[in-house]
Amino acid sequence: MIVSRTTDASVLQDTDLAGPLVFCLALGAFLLLSGKVHFGYIYAIGVMGCLGIYALLSLMAVSAVTLGTMVSVLGYCLLPMVILSGINVVLSLQGLTGFVLTGLAIAWCSLSASKLFVTALFMDHQQPLVAYPCALLYGVFALITIF
Amino acid sequence: MSAPAYPPPYNPYASAVPGNMPPNMNMYDGRYVLPPPYTASPDYSRIHPSFPPADQGFSIPSQFLNEPLVANVAMQYGQALVGSGKQLVGQELEKYVPFSRIKYYFAVDTRYVTKKLGLLFFPFTHSDWSLRYEQDGPVQPRYEINAPDLYIPTMAYVTYVLVAGLVLGMQDRFTPEVLSIQASTALAWTVFEIIVELITMYITNIQTNLKTLDLIAYGGYKYVGIIFAVLLSILFHKTGYFIGLIYCSMSLIFFLVRTLKVQILPIGTSPSHHDPYMHNSGNKRRMYLLLFVAGIQPFLMWWLSFHLISPPVPKS
């Protein structure tokens, strides 16, 4: 998950849904610790976001996109968001440092997700275009975490 | 399989296709001898173990599918069926949501998006607004800066909903329901605007090259301006909001007028059909349509965002 220099397409051959599920549950647990019971929202936003990005990528990419790959990539890249919600338990994120940390977390999530997508789907010159919707999706998670 | 050698030994009731067992022992076959009477029909199950008992009737037993040749044929047929089934479903779906047409609008790359955003904010120095065409349609947005796309409008719409959530959160007015309220309101207004434009084009009987998806694209560009104005309002409150709104309205009107002029008003060297009956028909109507489409944008931009700005509250 560390933003590595080189990723190859074979990383996406095995779709693994257990990891993303663990991350979602961890996110919900951390939010619970901060006093917000938002499991339903996480699930709903996760599902809608995955479907939306799946639709967008299948329209934009030349090669075929499978939903399983999508969900596993997006779920794994949720890790920085989980870390952010863990920080939120001890510190409040509504100040300036909170915004900076949130921005960094969103950027980390979306850059790694878009890098994986672009490598696997052979899209040329479209990485920022893929990174932006991922950033929006993780931004929604951040909104729920902060407010 | 302890069967006799494949193909089975000569059987007067065998079908013409080698390797296949005749489906019904009692079927009359004129080329050979008459079938024996029913009660005296021999039991061929002793000759070939997978052969059905004589009085089974016309049924394909499960042992049939164990034979490798039949299994292969069945698999291939099944796969062909699945493939054609998928194709059929795709075709049916294509009638309601034209996926291949929509794919055209998403064929963008980073260069196009940055240039288009620059154009939306500062269209005053762009000189060539014409669209290049291929055999059956306009060139993909990737290669033609003036072509409409659906990536920017979609992203701008989603960003608008999120920025609205952010701004309301900063004013302590945020609940997750607010996100869905904003999203559905904005969507409803956009759909309404496009329906009004379509009805206007239908009633005034103006023939253009504009398709519905083009109209959706042009209607979605205003969200970029709304986002800019709302973001300005975070820093400068009401003054910032109005300055941003006015500037974005002006540039959007300029952009739309220049772009749609190419597509709505007839030009002498238009690459589309050179129909002499269509030229110079309803020029005034076309101009009114153009002004209507462009002029409605500022009002909608204001309507969709004025409830998001915060009054200047003294910091406590």
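Select chain A and chain B together and look at the surface between them. In this predicted model, the two chains bury about 1,800 Å² between them, and carbon and sulfur atoms give 72% of that area. Colour the residues in contact: 17 come from chain A and 20 from chain B.

Next, keep the interface on screen and show its polar atoms. Which kind of pairing is found here? The rule gives 4 residue pairs in polar contact across the interface of chain A and chain B, both residues of each pair at pLDDT 80 or more. Salt bridges across this interface number 0.

Now hide chain B and stay on the face of chain A that touches it. Select helix 2 and helix 6 of chain A; each supplies at least two residues of that face. Helix 6 of chain A gives the most, with 7 residues. Colour this side of chain A by residue class: 13 residues are nonpolar, 3 are polar and 1 is charged.

Bring chain B back and move to the largest pocket. Its volume is about 990 Å³. To centre the view, select A:M48, A:G49, A:G52, B:Y157 and B:V158, which are the closest to the pocket centre among the 30 residues that line it. Both chains are thus represented in that selection.

Extend the selection to whole elements. On chain A, take helix 2 (39-60) and helix 6 (127-146); on chain B, take helix 4 (151-170) and helix 5 (176-203). These are the elements that give two or more residues to the lining of the largest pocket. Which element gives the most to this lining? Helix 2 of chain A does, with 10 residues. On chain A, helix 2 and helix 6 therefore appear twice on this tour: in the pocket lining and on the side that touches chain B.

Colour the pocket lining by residue class as well. The lining divides into 25 nonpolar, 4 polar and 1 charged residues.

For the last stop, leave the pocket and select B:K222 and B:E193. Over all chains the structure holds 1 salt bridge, and B:K222 forms it with B:E193, the closest N and O atoms being 2.7 Å apart. B:K222 lies in helix 7 (residues 222-264) of chain B and B:E193 in helix 5 of chain B, so the pair ties together parts that are 29 residues apart in sequence.

How values were computed: Residues are numbered from 1 along each chain as its sequence is written. Chains are lettered from A and ligands numbered from 1 in the order in which they are written. This is a predicted model: local features need pLDDT of at least 70, side-chain atom pairs count only at pLDDT 80 or more; totals for chains, interfaces and linings use all residues. Side-chain values use heavy atoms; hydrogens and water are left out. On a 1 Å grid over the protein atoms alone, a cavity is a set of points where a 1.4 Å probe fits but cannot get out, and a pocket is an open set with protein on both sides within 12 Å along at least five of seven lines; lining residues have an atom within 4 Å of a point. Grid points are joined across faces, edges and corners, and a volume is the space filled by probe spheres set on the points. Helices (H or I, at least four residues) and strands (E, at least two) are DSSP runs, numbered from the N terminus. Ala, Val, Leu, Ile, Met, Phe, Trp, Tyr, Cys and Pro count as nonpolar, Asp, Glu, Lys and Arg as charged, and the others, Gly among them, as polar. Contact means heavy atoms within 4.5 Å. Buried area is the accessible area (1.4 Å probe) that two parts lose on being put together, summed over both. A salt bridge is a side-chain nitrogen of Lys or Arg within 4 Å of a carboxyl oxygen of Asp or Glu. A polar contact is a pair of N or O atoms within 3.5 Å; within protein, one must be able to donate a hydrogen and the other to accept it, and residues adjacent in sequence count only if both atoms are side-chain atoms.
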